[in-house]
Amino acid sequence: MVGCSPDPSRDSHRIARLLIEKGHVVVPVNPAAREILGEPCYASLSQIPGPIDVVDIFRRSELVEPLVDEALAVGAKIIWMQLGVIDAAAAARAHAAGLTVVMDRCPAIEYRRLF
């Protein structure tokens with residue numbers, strides 16, 4: 001989760017906790033933190049050891065493009081942009097590269113809707 005906050009009052013922290021509670025492995029990416037929710041935190045996607053399935057982006061829309069580039073470079077399968085995070089050009093590039101793209105959606109809302 002790119003932009004995951006160590007602050008429990010932040011949405012990114014709450015969503016990361018929810019995903020962990022639902023059985024997902026969440027790897028926080030935040031250059032200002034060492035650990036979040038008991039998981040080691042990395043400064044960038046390229047520093048994460050092992051494969052990355054989903055890149056969940058909790059950053060401003062204007063910061064998405066380089067994150068999509070990095071996600072493509074590390075072989076991610078899915079780009080998920082949180083509510084209010086929209087970059088149609090970056091989404092189109094990721095989609096053209098074969099990635100599944102979810103934009104302007106929240107996993108917590110989708111969990112409630114689907115399950």
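1. Let's start on the outside of a helix. Ala-88, Ala-89, His-95 and Ala-96 are exposed, and they sit on the face of α3 that is turned away from its buried side. Keep in mind as you look that this is a predicted model.

2. Now turn to the other face. Helix α3 spans residues 88–96, and its buried residues are Ala-90, Ala-91 and Ala-94. These residues lie on the same side of α3 because the arc they cover around the axis is only 100°. Here is a handy rule to go with that: an α-helix has 3.6 residues a turn, so residues three or four places apart point the same way. What covers the buried residues of α3? The cover includes α2 (64–74), β4 (78–81) and β5 (100–102).

3. Both ends of this helix deserve a glance. At the start of α3, Asp-87 has a side-chain oxygen that comes within 3.2 Å of the backbone nitrogen of Ala-89. After α3 comes Gly-98, with a positive phi, near 100°.

4. Helix α2 can be read in a similar way. Which residues of α2 are buried? They are Val-64, Leu-67, Val-68, Glu-70 and Ala-71. Their arc around the axis is only 160°, so they are on the same side of α2. The buried residues of α2 are covered by elements that include β3, β4 and α3. Gly-75 follows α2, and its phi is positive, near 80°.

5. Next, find the sheet. It is an open sheet of three strands in the order β3-β4-β5, with parallel pairing. Strands β3 (54–57) and β5 are the edges, each pairing on one side only. From one strand to the next, the twist averages 10°. To see the pairing up close, look at β3 and β4: they run parallel and are joined by four bridges. Val-54 is opposite Ile-78 in β4.

6. The helices and the sheet come together in the nonpolar core. The largest such core has 19 residues, and those touching the most other members are Leu-45, Val-55, Ile-57, Val-64, Ile-79 and Met-81. Two or more residues come from each of β3, α2, β4 and α3. Which element gives the largest share? It is α2, with four residues. A second core lies apart from this one; it has 13 residues, including Ile-15, Ala-16, Leu-19 and Ala-108. As background, nonpolar side chains tend to be buried together in soluble globular proteins.

7. Ile-57 is a good residue to click on. Setting aside neighbours within four places in sequence, Ile-57 is in contact with Val-2, Val-64, Leu-67, Ile-79, Trp-80, Met-81, Gln-82 and Val-85.

8. Finally, try two glutamates. Is Glu-35 buried or exposed? Glu-35 is exposed, because its relative accessible area is 53% and the cut-off for exposed is over 50%. Glu-35 is in strand β1 (residues 35–36), and it touches Pro-40 and Cys-41 when residues up to four places away in sequence are not counted. Its C-alpha atom is 7.6 Å from that of Pro-6, although the two residues are 29 apart along the chain.

9. Glu-110 belongs to helix α4 (residues 107–114). With a relative accessible area of 12%, Glu-110 counts as buried, because buried means under 20%. Leaving out its neighbours within four places in sequence, Glu-110 is in contact with Trp-80 and Arg-105. So, to put the pair side by side, Glu-35 is exposed, whereas Glu-110 is buried.

Methods: Residues numbered from 1 in each chain as written. Predicted model: local features only at pLDDT ≥ 70, side-chain atom pairs only at ≥ 80, totals over all residues. Heavy atoms only, no water. Buried < 20%, exposed > 50% of the residue type's maximum accessible area, 1.4 Å probe, protein only. Contact = heavy atoms within 4.5 Å. Arc of directions from axis to C-beta. Polar contact = N/O pair within 3.5 Å; in protein donor to acceptor, adjacent residues only side chain to side chain. Pairing = 2+ DSSP bridges. Axes fitted to C-alpha atoms, helices over the stretch in contact; angles between N-to-C directions. Core = buried A, V, L, I, M, F, W, Y, C linked by side-chain atoms within 4.5 Å.
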